[in-house]
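Trainee: Could you help me see how the labels on a structure are justified? I would like to set each one against its definition.

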Amino acid sequence: MTRQPRITPSQVEVAAAERTRLANGIDLYTLPSDDFEVLRISFVFRAGSAVQQVPFSASAAANLLAEGSRDMTGAEIAERLDYYGSWYDVNLDRDYAYINFATLSKFFDRTLAVAEQILLYPTFPEEELRSYCAKRRQRLAIERTKVDVEAREAFAKALFGAGHPYGISSDEAEYDRLTRDAVVAFHTAHYTDETCFVVCSGRMGALERQAIAALAERIPQRAAAAPAVFPEPQTTRSVFVEHPGAVQSSLRIGRVLFPRQHPDFVGMQVVATALGGYFGSRLMQNLREEHGYTYGAVAAMVNFERTGYFAVATQVGTDVTREALREIFREIERLGAEPLSEEELGLVRNMMIGEMMRVLDGPFGIADVTIENILCGTDNSIISENIRRIRRITPEEVRQLARRYLRREELVTVVAGAEKPW
């Protein structure tokens, strides 16, 4: 049998979300799809950890929303959602909180009634807060005994500075000092109409739209909280975190660059993919296949609301830390010194576009991408534009990007392990 060449699409037509401005100023975006008898509603609030004044108040506010409301206990909320096979999920990053509800279409009304309790009437019971804090403190203390967590936190501090909202990491003892008043104050200030938009995807009609809009219009109308202070990043070029007895070193290399809206962001995604974005990438070939230093190595562009950064991450045996660092820098420098072959760049393009197709397979994936595009100030038309950018990029453009943005003297290096490698 003759193998047919893989063909990647030149463009992807993703349905545009229909936007409705509600009476209280909240934008409601709808992505109707009748292919599945399910519906997901996502409430997005500018309520991430970067805007908190009290350590851990942002995560506590998000994670305790469903632990008790005006009319239901936490157990009753969980039982009701489980009874109807509905799904409730909370995600939090540095900038935003994402409150998601998914339901079978036939149980929409019952699920929305529970969503109303969670969104409008959370009570943040003291007993649940103390239990949550005790569990989270213990979990964080355990996590921080691992070299990869030590390296990740040290890398954020090295990139931005220990006092920057994107670089700060609080002592786990702050959980003991977190009060219900602080959690309620955070919720009151940041879960408002000023900070929210809503995205719905799946099977829906006029009645469902009206019900979701009616709920969103009841989100409290309050003055926006004072904006978080974002100082200029204070970058430290080399950081070593000593971990006596560690059998592996965790490595992070990268630098602060720019957010997704920057014209070179997609190009740098191509650079990162070639370097460490798939199993056959250059770092995997070098560190894993050729030298056996690691099981895996990754490189990626990371996007925040106000900025973004490039990062390489891997774990290697303590005895080969210096050698692994040398090889990583060698691969980075090689990207800026010599163009990719057309064959390798073609593979990178296929990997990137294929991953985009995977994410867009289904209404919920399209909703996730829609949310990301809204946060970046654009819409779903950018998807085809990004595919065109990936398909048009040349080996020389990739080389120039690597040369411009990945100069060794501008890269941050963080190592957590038993022995200092420099």
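Mentor: Gladly! Let's start with pairing: two strands pair if DSSP finds at least two bridges between them. Strands (E, at least two residues) and helices (H or I, at least four) are DSSP runs, numbered from the N terminus. This is a predicted model, where local features need pLDDT of at least 70, side-chain atom pairs count only at pLDDT 80 or more, and totals for chains, interfaces and linings use all residues. Residues are numbered from 1 along each chain as its sequence is written, and side-chain values use heavy atoms, with hydrogens and water left out.

Trainee: How do you know that β8 and β10 pair?

Mentor: Nine bridges join β8 (residues 248-256) to β10 (residues 308-317) in the antiparallel sense, and the definition asks for at least two. One of the partners is easy to find: Ser 249 is matched with Val 316 in β10.

Trainee: Which sheet do they belong to, and what makes a strand an edge strand?

Mentor: The open sheet has five strands in the order β7-β11-β8-β10-β9, with mixed pairing. An edge strand pairs on one side only, as β7 (238-242) and β9 (297-303) do. For the mix, look at β11: with β7 it runs parallel over five bridges, while with β8 it pairs in the antiparallel sense, also over five bridges. In β11, Gly 417 is the bridge partner of Glu 242, and Val 412 stands opposite Gly 254.

Trainee: Why is β11 called largely enclosed?

Mentor: Buried means under 20% relative accessible area (exposed is over 50%, partly exposed in between; 1.4 Å probe, protein chains only). Six of the six residues of β11 are buried, so the rest of the structure largely encloses this strand. Both faces are covered: Val 412, Val 414 and Ala 416 are buried on one side, and Thr 413, Val 415 and Gly 417 on the other.

Trainee: In a regular strand, why do residues split between two sides like that?

Mentor: Because side chains alternate between the two faces of the sheet.

Trainee: How many disulfides are there?

Mentor: Zero. A disulfide is a pair of cysteine sulfur atoms within 2.5 Å. The cysteine sulfur nearest to Cys 196, that of Cys 200, is 10 Å away. For Cys 376, the closest cysteine sulfur, in Cys 196, is 18 Å away, so it is too far for a bond.

Trainee: Are those two cysteines, Cys 196 and Cys 376, buried or exposed?

Mentor: Cys 196 has a relative accessible area of 8%, so it is buried. Cys 376 also counts as buried, at 12% relative accessibility.
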